[in-house]
Amino acid sequence: AVMKKKLYLLVCVLFCFISACSPNKNVENSDPEQIEIIDSGTYYRIYKGNINQVCYDIYNTEGEIVLSEKTDRPLKINMINDDIIDIEIGMGTGITIHKYYGVGENIFTQEFQYVLSNLDKLIAYIDVQTEKPFENRKVIVQNIFDKRLFYKEFQLDFSNVDTPVTEALFSKDGTSLQLTYLSGEEQTQIAVTLDLIQ
C-alpha cells in the first residue's frame, strides 16, 4: 500500500510538471516576461502575436490599457508630440489608415487616410471620394480631435495619380502648410504655401 501511494504521488507530480511546461500558452495569459516586445514607449507597446500577427496596447496616463488590438498588416506607432500618439496601419496599395490618441484628453480620433502632415493638433490630408477617387479631391487641414475648432479646405488642380502630393510640411507656428504637388495632365510639379489664418 505504501508503494502504491508513492507511485500515485510520483504520477501526480509528473503530471503537474508536464502540464506546467506546456508550450501552448496563450500570449494573453502568459507572463509579461514571455511577450516579445517589438517596440514600446511611455503610452504604447507593440508585441508579437501569433505567426503573422502583431498586437498593440495603448495606455492612458494612469498606465491602464485603453485600446488593445491585433493586426496582420504593417503597423507603426509613434508620438507626434508628448501628448499625441499616431497609430498607423498599412492597408496595401499605398493606403495607410491613421488613428490618433490624445493622452491628456484621453480620446481617440476618427480614422484618417491620405495623411500629408501633422503638427501637434493639426492634420493635413487629402479628402478622396470613394466613387470617383480622382475627382474633386481637396486638401483638408483640421484640428485632429474636433473639426469645429479648426477646419479649412483647399481645392487644387491635382494630376490624376494616386499620390499627387510629393511633399507637405507645416510651418513651425502652424500658420501655413507648404505643399509640392503634381498638377494637370503634364504632371507639372507646383510648390504652394497654403495660408491657414486668413
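This tour moves through a predicted model, from the whole chain to its cores, a central strand, one asparagine and a three-stranded sheet.

**The whole chain**

Display the full chain as a cartoon. It contains one helix and 16 strands. Of its 198 residues, 36% count as buried. With a surface shown, the exposed area is about 13000 Å², and carbon and sulfur atoms supply 51% of that area. Among contacts between residues at least 6 apart in sequence, 28% join residues at least 24 apart.

**The nonpolar cores**

Select V139, V141, F158, V165, F170, L177 and L179 and show their side chains. These residues touch the most other members of the largest nonpolar core, which has 16 residues. Now colour β11 (122-127), β12 (138-143), β14 (165-170) and β15 (176-183): each of these strands supplies at least two residues of this core. Nonpolar side chains tend to be buried together in soluble globular proteins.

Centre the view on F158. Leaving aside neighbours within four places in sequence, F158 is in contact with I126, R137, V139, P164, V165, Y181, L182, S183 and G184.

Next, select I46, L67, I77 and V103. They are included in a second, separate core of 14 residues.

**Strand β7 and its partners**

Select residues 95-102, which make up strand β7; six of its eight residues are buried. Which strands pair with β7? There are three to visit in turn: β6, β9 and β8.

- Add residues 84-92, strand β6, which pairs with β7 in the antiparallel sense over eight bridges. Within this pairing, I87 stands opposite K99. The two strands form a hairpin with two residues between them, and T93 in the turn has a positive phi of about 45°.
- Add residues 112-113, strand β9, whose antiparallel pairing with β7 covers two bridges. Here F112 stands opposite H98.
- Add residues 107-108, strand β8, which is also antiparallel to β7 and joined to it over two bridges. In this pair, G102 stands opposite I107. The hairpin of β7 and β8 has four residues between the strands, and N106 takes a positive phi near 55°.

**N118 and its surroundings**

Move to N118, found in strand β10 (residues 115-119). Is this residue buried, partly exposed or exposed? N118 is partly exposed, because its relative accessible area of 23% lies between the 20% limit for buried and the 50% limit for exposed residues.

Show the residues around N118. Not counting residues up to four places away in sequence, N118 touches I80, D86, Y100, I123, I144 and F170. For one of these, Y100, draw the side-chain distance: the side chains of N118 and Y100 make a polar contact at 3.2 Å. A C-alpha to C-alpha distance may be added between N118 and N81, which are 37 residues apart in sequence and 10.0 Å apart in space.

**The three-stranded sheet**

Finally, select β14, β15 and β16, which form an open sheet in the order β14-β15-β16 with antiparallel pairing. β14 and β16 (188-195) are the edge strands, each pairing on one side only. Neighbouring strands of this sheet are turned by 15° against each other on average, direction ignored.

Zoom in on β14 and β15, which run antiparallel and are joined by five bridges. Pick A168 to end the tour: its bridge partner in β15 is L179, one of the core residues selected earlier.

Terms used. Residues are numbered from 1 along each chain as its sequence is written. This is a predicted model: local features need pLDDT of at least 70, side-chain atom pairs count only at pLDDT 80 or more; totals for chains, interfaces and linings use all residues. Side-chain values use heavy atoms; hydrogens and water are left out. Buried means under 20% relative accessible area, exposed over 50%, partly exposed in between (1.4 Å probe, protein chains only). Contact means heavy atoms within 4.5 Å. Accessible areas come from the Shrake-Rupley method with a 1.4 Å probe; for residues, only the protein chains shown count as cover. A nonpolar core is a set of buried Ala, Val, Leu, Ile, Met, Phe, Trp, Tyr and Cys residues joined through side-chain atoms within 4.5 Å. A polar contact is a pair of N or O atoms within 3.5 Å; within protein, one must be able to donate a hydrogen and the other to accept it, and residues adjacent in sequence count only if both atoms are side-chain atoms. Two strands pair if DSSP finds at least two bridges between them. Axes are lines fitted to C-alpha atoms, for helices over the stretch in contact, and angles run from 0 to 180 degrees between N-to-C directions.
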